[in-house]
Amino acid sequence: MKALITTVPFGKIDTKPLELLDAAGIEVNINPIGRKLTESELADLIPGHQILIAGTEKITDLVLDKASELKLISRVGIGLDSVDLWAARERNIEVSYTPDAPSPAVAELTIALMLSLLRQVQLSNIGIKSGVWHRYFGKRICDSVVGIVGVGRIGKLVVSHLLNFGCKKILINDVNGAVLKTFRSESVEWCEKNEIYKYADVISLHVPLTATTLNMIAEKELKNMKPGACLVNTSRGGIVNEKDLESVLRTGHLSGVALDVFEQEPYNGPLAQIDRCILTAHMGSMSQDCRTAMEIEAVEEAVRLADGTPLASLVPEEEYLIQSQREQRLSSE
C-alpha cells in the first residue's frame, strides 16, 4: 500500500510514526510543498494512494474524484469540518481520527491565552518593543468569572485547570446539560450562552464547526458581552465571525481576543493589525507529546488497514449527521 502524508509537520519530533509505516510495508510519500495543501494541490498528489494521513486541508468531492484507489482517510486531529464525510462514504472510503490525543495540549494553550489576555501580556510586549514602558493592571484568573461554551473533551480539561487555579466562578454551557454532574464543585454553574456573554470576564469556545455553531459569535453576541471581556477561540475558525469581531474590537468594547483558528488559514487579515488580538497559527495541539501521540494513533489506523484488522478510531455516525445539517444550512443561506 501507498500512503500520502499531507499534515505538516510529520515525524519531526519522533520518527516512530514513520517507522511503524515502514515496518508494515507501507510506502510513504510526504507532502512535498511543506505547507497546508490547496484543494487542487491535494487532487494532483492523491492518485495512486490507498491511505491519506491528513491534516486540516480540504478533502472535498473534487479531491476524492481523483482518489480512485483510496481506502482510508486517517485524520491527524479531531476536527472533521475539512473532510467531506459523505463523499468519502459514497466511495466506500473509511474515515478515522484521533480525538483524544490533542486535548491536553489544546486545553493548556487555552489557559495560557486566558492568562495572557487577563494580564495584558501582549500589550506590554508590544509596548516595550516600541520603547514604551507601561505597567498594566490586570485580573487574576481566580478572581475572574470564566465562561466555557462547549464542555467536551477539551472543555472539561479547561474547567479542571481553572478549578486548580482556584477560579471561584465558572459558567458552562453545552448541548449536554448533564455535563454539570461531571464537576463536584460549587464554582461550576450551568447557564445559557447569553448569560455567559453577559457576565463572564473571559469566554472560551470549545465547540465543533456545525450548522448551529457556524457564525455562533457574531456582532450581536460580541456586543452583548460584558464590557472589557476577553474572548478565546481554540476550537475552529468560522465559529467567530471575523469581520464582526474586527468591527467590535475597534470600538474598544472588548479588552482582548485570542484566536488560534481562522476561517482561512494561513491567516493574513486585518485582525493582525489590532494590538489587543493575540493570534497563533493553529498550534493548539502542537506540544511534543500530543503531536507525537496524534501521529502514532493516525498511523496505527493505516497499519490496521494494511493488516486487514478492524479500525479502532472510526468517525462516529453522529459526525456524519452533524455535517449533513451544516451543509443543509449553508445551502439554504
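Two strands are taken to pair if DSSP finds at least two bridges between them. Helices (H or I, at least four residues) and strands (E, at least two) are DSSP runs, numbered from the N terminus. The model is predicted: local features need pLDDT of at least 70, side-chain atom pairs count only at pLDDT 80 or more, and totals for chains, interfaces and linings use all residues. Residues are numbered from 1 along each chain as its sequence is written, and side-chain values use heavy atoms, with hydrogens and water left out.

**Exercise 1. Determine the strand order of the sheet of 7 strands and state which strands stand at its edges.**

Step 1. The order is β8-β7-β6-β9-β10-β11-β12, in an open sheet with parallel pairing.

Step 2. β8 (188-190) and β12 (277-279) each have a single partner strand, so one side of each is left without a neighbour in the sheet.

Step 3. From one strand to the next, the twist averages 15° (axes are lines fitted to C-alpha atoms, for helices over the stretch in contact, and angles run from 0 to 180 degrees between N-to-C directions).

Step 4. Within this sheet, β6 (residues 145-149) and β7 (residues 169-173) pair in the parallel sense over 5 bridges. Val 145 stands opposite Lys 169 in β7.

Step 5. Helix α5 (residues 103-118) lies across β6, β9 (202-205), β10 (230-233), β11 (256-259) and β12, and runs at about 160° to β10.

**Exercise 2. Describe the sheet of 5 strands and identify the helices that pack on it.**

Step 1. The strands of this open sheet follow the order β2-β1-β3-β4-β5, and their pairing is parallel.

Step 2. β2 (27-30) and β5 are the edge strands, each pairing on one side only. The twist averages 15° from one strand to the next.

Step 3. Strands β1 (residues 2-5) and β3 (residues 51-54) run parallel and are joined by 3 bridges. Leu 4 has Leu 52 as its bridge partner in β3.

Step 4. Helix α1 (residues 16-23) packs on the sheet and touches β1, β2 and β3 (contact means heavy atoms within 4.5 Å). The direction of α1 makes about 140° with that of β2.

Step 5. Helix α11 (residues 288-307) also packs on the sheet, where it touches β3, β4 (72-75) and β5. Its direction makes about 160° with that of β4.

**Exercise 3. Explain which parts the salt bridge of Arg 91 and Asp 65 ties together.**

Step 1. A salt bridge requires a side-chain nitrogen of Lys or Arg within 4 Å of a carboxyl oxygen of Asp or Glu. The structure holds 13 of them.

Step 2. For Arg 91 and Asp 65, the closest N and O atoms are 2.6 Å apart.

Step 3. Arg 91 lies in the loop between α4 (85-90) and β5 (94-96), and Asp 65 in helix α3 (residues 61-65), so the pair ties together parts that are 26 residues apart in sequence.

**Exercise 4. Locate the cis peptide bonds at Pro 9 and Pro 266 and the positive phi values of Gln 120 and Asn 215.**

Step 1. Most residues other than glycine have a negative phi, and most peptide bonds are trans.

Step 2. The bond from Val 8 to Pro 9 is cis, with omega near -5°; Pro 9 is in the loop between β1 and α1.

Step 3. Glu 265 and Pro 266 are joined by a cis peptide bond with omega of about 0°. Pro 266 is placed in the loop between β11 and β12.

Step 4. Gln 120, which is not a glycine, has a positive phi of about 55°, and its place is in the loop between α5 and α6 (121-129).

Step 5. For Asn 215, phi is near 55°, again a positive value in a residue other than glycine. Asn 215 is in the loop between β9 and α9 (219-224).
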